[in-house]
Amino acid sequence: MPNRDRVIRPLPPVWVMALALVAVAANLRIAITSIPPLLDVISADLGLSHAAAGALTTLPVLCMGLFAPVASRIAHHLGAAGAVLGAVVAILVGTASRLAGGNVVVLYVGTFLCGVGIAVAGTLLPRLVKTYFPPERTGLVTGLYMLAMMGGAALSSAVAVPLANRLGSWQASLASWSLVALVGTLAWAPFTVRANPHHTPGEEGPGRLPWRHPTAWLVAGYLALQSWCFYSAITWLAPTYVEHGWSRESAGFLAAVFSFAQLVSGLLGPVLSDRAADMRRLLMPAAILGILGCLGIWLSPLSAPWLWAVVAGLGQGAAFSLALVLLVRYARTPEASGRLTGMAFLISYSVASVGPLAMGFVRDVSGGLPLVWGILAAIGVLQGLVVLRLRPDLRRVD
């Protein structure tokens, strides 16, 4: 085992580390959620089909899966803090490049670069939480960076269209979020300077992913189903209501409400988990809320659209934030948490990346989006069935 005292002794106060973590986490959804309110105008400008437009959210999610295992290897050589710094810089460059997004190649390459950065940073944050924060505070810290992620998602959804109107183009609106990445870079760099010189590459290798561990497969399966629902919902919620005659700006505000609801449950869920021995008591209500929200949008979309957005958001926010807690709780060590996260993200995000694209295909074939929400409700039911198997006495990943 590595000498952990050697790693943590020079670090700044816990609250300073938490603030730096929050500044990084704020960038882990913006590159994805700033697109859906503008999806129809992007499609029209570039001549993209609904499926091809959906790939703008599919691509970073796919990167989050494919590059998650690479994160542990990068951290082994550069240190986890250094790897996260490089990831935030990648997000900064990828987001800024969208200013030239009128070129389809530039738009997709920039999106790919954002996805790689999100993959590396998102994979390593649970490991950093387990390494640098006391066990009784892991739920709170997880909730805080979940709050930052969902806050960034909500804000970007709400102001994407107004920014495009103010700045004169959807390209400028998307590229403006590079300022948040710049803040994350500046906040994280001092922490990297303090932590990374004490990283010794030879202390412990990244290890193999826990492919034969049944607990790892359960966690990955849960996260795959949850992520499919989340990324499909965040991609197609605003277009659903544009299809029902709403303005793009109003639909963007609805998507923001969906994300703001996640702020509440995303913070509350991990905090409550610090006191919950059996995570199923929190995971099952989250799954039920997600199902109810999708059913409402499917069966009666115009009767209470704001309510459905809130209910679905509460379910998705809690479900995802609690999944992050699972990545810490079901691992024995920080390194094991990194391996579990790598495997879970590889499986879940690779599967989930098909979601927005597949739902776009359903829209192309069926001629509308209502059926999409029925499918997402059914996937939520499968998520609930997996929750039943996440017992507190499951064997931890070594």
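Helices (H or I, at least four residues) and strands (E, at least two) are DSSP runs, numbered from the N terminus. The model is predicted, so local features need pLDDT of at least 70 and side-chain atom pairs count only at pLDDT 80 or more, while totals for chains, interfaces and linings use all residues. Residues are numbered from 1 along each chain as its sequence is written, and side-chain values use heavy atoms, with hydrogens and water left out.

Thr 185 lies in helix H11 (residues 178-195). With a relative accessible area of 13%, Thr 185 is buried (buried means under 20% relative accessible area, exposed over 50%, partly exposed in between, with a 1.4 Å probe and protein chains only). Apart from neighbours within four places in sequence, Thr 185 is in contact (heavy atoms within 4.5 Å) with Leu 85, Val 88, Val 89 and Leu 92.

The largest nonpolar core (a set of buried Ala, Val, Leu, Ile, Met, Phe, Trp, Tyr and Cys residues joined through side-chain atoms within 4.5 Å) has 123 residues. Helix H12 (residues 214-243) supplies the largest share of this core, 17 residues. Among the residues with the most contacts inside the core are Trp 188 and Leu 376. Beyond four places in sequence, Leu 376 touches Trp 228, Cys 229, Ser 232, Ala 233, Cys 294 and Met 359.

Leu 382 is in helix H18 (residues 370-387) and is partly exposed, with a relative accessible area of 45%.

In helix H2 (residues 14-25), the end C-alpha atoms are 16 Å apart, in agreement with the expected 16 Å (1.5 Å times one less than the number of residues). Buried residues of H2 include Met 17, Leu 21 and Val 24.
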